[in-house]
Structures are given as C-alpha cells and as structure tokens.
Amino acid sequence: MIQFFAYPESVFCAKVRIALDMKDLDYAEVPPPDGYGSTAYKKIVPAGSIPGLKDESAALSDSNAILEYLEETAPSPALLPEHPVERAQVRALMGLHDTRIEPSVRAFYAPIKAGKSPGDEVYKQLIEDMNAAFERLEDMIEAAPYAVGHHVTLAECAFATTFSQAQQLASLFGGELKLKPKCQRWWQAMQSLSHAATSIDINRKAMQDWVAKFIQVDA
C-alpha cells in the first residue's frame, strides 16, 4: 500500500490526494512521524517535506513530481491530455499555481500566526493581491468546463482546494474572492468533482481549526 504523508490544511497535499482518489489507488494517509523535517521522517522521505509518498522502493517529495509519478505508474484514468500542446498547457498552469496563485493565498498565514486581528488592514491588502493573482488565470484557461478542454487533468487536482482556501480566507477577513467568468465556471466545475469535493471539505475544516489556534474569527 502507498504511504501518503500529509497535513489536511496543505493544498499541496490536497492535490496529491485528489489524484490518488481519482486513480482509485490504495493508500494510507498519515502525518509525517515527528513532523515534517524531522529525523524520523527524513529516514522515509529524505527531503523531509510534505507531501511525501512512499511506494515500494520509491520515496518521493514535491507535489508535482509525485503527480507525474502517479500518472506514469497508474495511467488510468489519464490526468494529462494526449496532445503535447495541451500537456504543456496543463504543466504551465501547475507552475503558475505553485509560483503565483498559491503564494498569494499562503501570504495570509504569517499575519494569522502573528495574531493580527480580522479587522487589520493587512488582510485588506492581501485580499486585493490575491484577487489580482487569480485574474491572471482568466486568459490561461478554457473553462469548457475544465481548464484545458473537456477532460479533468492535473490542473484540477492542483487548483480545486486552492480556490476553496482562497475563498475561505477572503470571507474570514471581510472580503471575497472575485472570479471572472471563466474562472467562475471552472470553479463550479471543480466543485462538482466528487474527489475534489472531498479534499475541499477536508481542507476547509482543517483551515478553520488552524486559524482558530491564533485568532478569533467568525466561522
């Protein structure tokens, strides 16, 4: 059985979980022993980061590397298109997710951990910055109904929970995630995917509990 090392509040872990579920793979999801970066965990996954995956002799880190591994070792259902251009488009979206979109959401973590109150001006700026990041997606996706055509790909695995977490954090701090038409259609399509919906629910509950450790906000 595959060992999948993860924390429920991580969107990077969520995208691997969604792919595992979509491919109907048998796995056990567990937290890294003694926490990520620990000596005990590094003995299993040398990078010591999450998500991590142990499958027979493979000990993998980096969410995108894990997704590519799953696509190659469990190719059905395919989560990369057949056409090279479309495959490149999916990978470009995954890169944008990791370098621009997700960081705009993760930017909330520092002031939350610092105990900044919900009314602090820092959150207003973070919501504006996050919306600007999401606007970049509008011209990169087809939303027909998925990001690249009519089939679910790794792009949906990557973005589903990030859209949810962005929406959740914006709402907690008095704002909203403002999506343009194609992004709104895509978000609706992602929510209709049962495996994505499962990880969205897991992440939302975990984030609510995590935020509550540091500040008091309306649920």
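## Strands 3 and 4

In this predicted model, Gly52 stands opposite Ser61, a residue of strand 4. Gly52 is found where strand 3, which covers residues 52-55, is joined to strand 4 by four bridges, and the two strands run antiparallel. The hairpin made by strand 3 and strand 4 has two residues between the strands, and in this hairpin Glu56 takes a positive phi near 55 degrees.

## The sheet and the helices across it

Strand 3 and strand 4 belong to an open sheet of four strands, whose order is 2-1-3-4 and whose pairing is mixed. The edges of the sheet are formed by strand 2 (27-30) and strand 4 (58-61), each of which pairs on one side only. From one strand to the next, the twist averages 15 degrees.

Two helices can be described by the strands that they cross. Helix 1, made of residues 11-22, lies across strand 1 (2-5), strand 2 and strand 3, and runs at about 155 degrees to strand 1. Helix 3, made of residues 63-73, lies across strand 3 and strand 4, and its direction is at about 135 degrees to strand 4.

## Two annotated domains

UniProt, in an unreviewed entry, lists residues 1-78 under the annotation "domain: GST N-terminal". Over residues 1-78 the chain is 35% helix and 21% strand, while the C-alpha atoms at the two ends are 21 Å apart.

The same kind of record, again an unreviewed UniProt entry, gives the annotation "domain: GST C-terminal" to residues 83-209. Over residues 83-209 the chain is 70% helix and 0% strand, and here the end C-alpha atoms are 42 Å apart.

## The largest nonpolar core

The largest nonpolar core has 65 residues, and those with the most contacts inside this core are Phe134, Leu137, Phe163, Leu169, Phe173 and Trp186. Helix 7, which covers residues 154-172, gives the most to this core, with 11 residues.

Which residues is Trp186 in contact with, once its neighbours within four places in sequence are left aside? The partners of Trp186 are Leu137, Ile141, Ala143, Pro145, Tyr146, Ala147, Ala155, Glu156, Phe159 and Phe163. Among these partners, Leu137 and Phe163 also appear in the list of residues with the most contacts inside the largest core.

## Two cysteines without a disulfide

How many disulfides are counted in this model? The count comes to zero, and the positions of Cys13 and Cys157 can be followed to see how this applies to them. A disulfide needs two cysteine sulfur atoms within 2.5 Å. The cysteine sulfur closest to that of Cys13 is in Cys157 and lies 14 Å away, so it is too far for a bond. Looking from the other side, the sulfur of Cys157 has its closest cysteine sulfur in Cys13, again at 14 Å, which is too far for a bond.

Are these two cysteines buried or exposed? Cys13 is buried, with a relative accessible area of 0%, and Cys157 is also buried, with a relative accessible area of 0%.

## Residues of helix 6 and helix 4

Asn131 is found in helix 6, which covers residues 121-135, and Asn131 counts as buried because its relative accessible area is 8%, where buried means under 20%. If residues up to four places away in sequence are not counted, Asn131 touches Glu176, Leu177 and Lys178. Glu128 also has its place in helix 6, but Glu128 counts as partly exposed, at 44% relative accessibility. Glu128 and Lys178 are 50 residues apart in sequence, and their C-alpha atoms are 9.4 Å apart in space. Lys178 is therefore described here both by its contact with Asn131 and by its distance from Glu128, in a part of the model where Asn131 is buried.

Arg87 lies in helix 4, made of residues 84-106, and counts as partly exposed at 28% relative accessibility. Not counting residues up to four places away in sequence, Arg87 touches Leu80, Pro81 and Glu82. Arg87 and Leu154 are 67 residues apart along the chain, and their C-alpha atoms are separated by 9.6 Å.

Conventions:
Residues are numbered from 1 along each chain as its sequence is written. This is a predicted model: local features need pLDDT of at least 70, side-chain atom pairs count only at pLDDT 80 or more; totals for chains, interfaces and linings use all residues. Side-chain values use heavy atoms; hydrogens and water are left out. A nonpolar core is a set of buried Ala, Val, Leu, Ile, Met, Phe, Trp, Tyr and Cys residues joined through side-chain atoms within 4.5 Å. Buried means under 20% relative accessible area, exposed over 50%, partly exposed in between (1.4 Å probe, protein chains only). Contact means heavy atoms within 4.5 Å. UniProt positions are given in the numbering used here, feature names are shortened, and annotations may be inferred rather than shown by experiment. Two strands pair if DSSP finds at least two bridges between them. Axes are lines fitted to C-alpha atoms, for helices over the stretch in contact, and angles run from 0 to 180 degrees between N-to-C directions.
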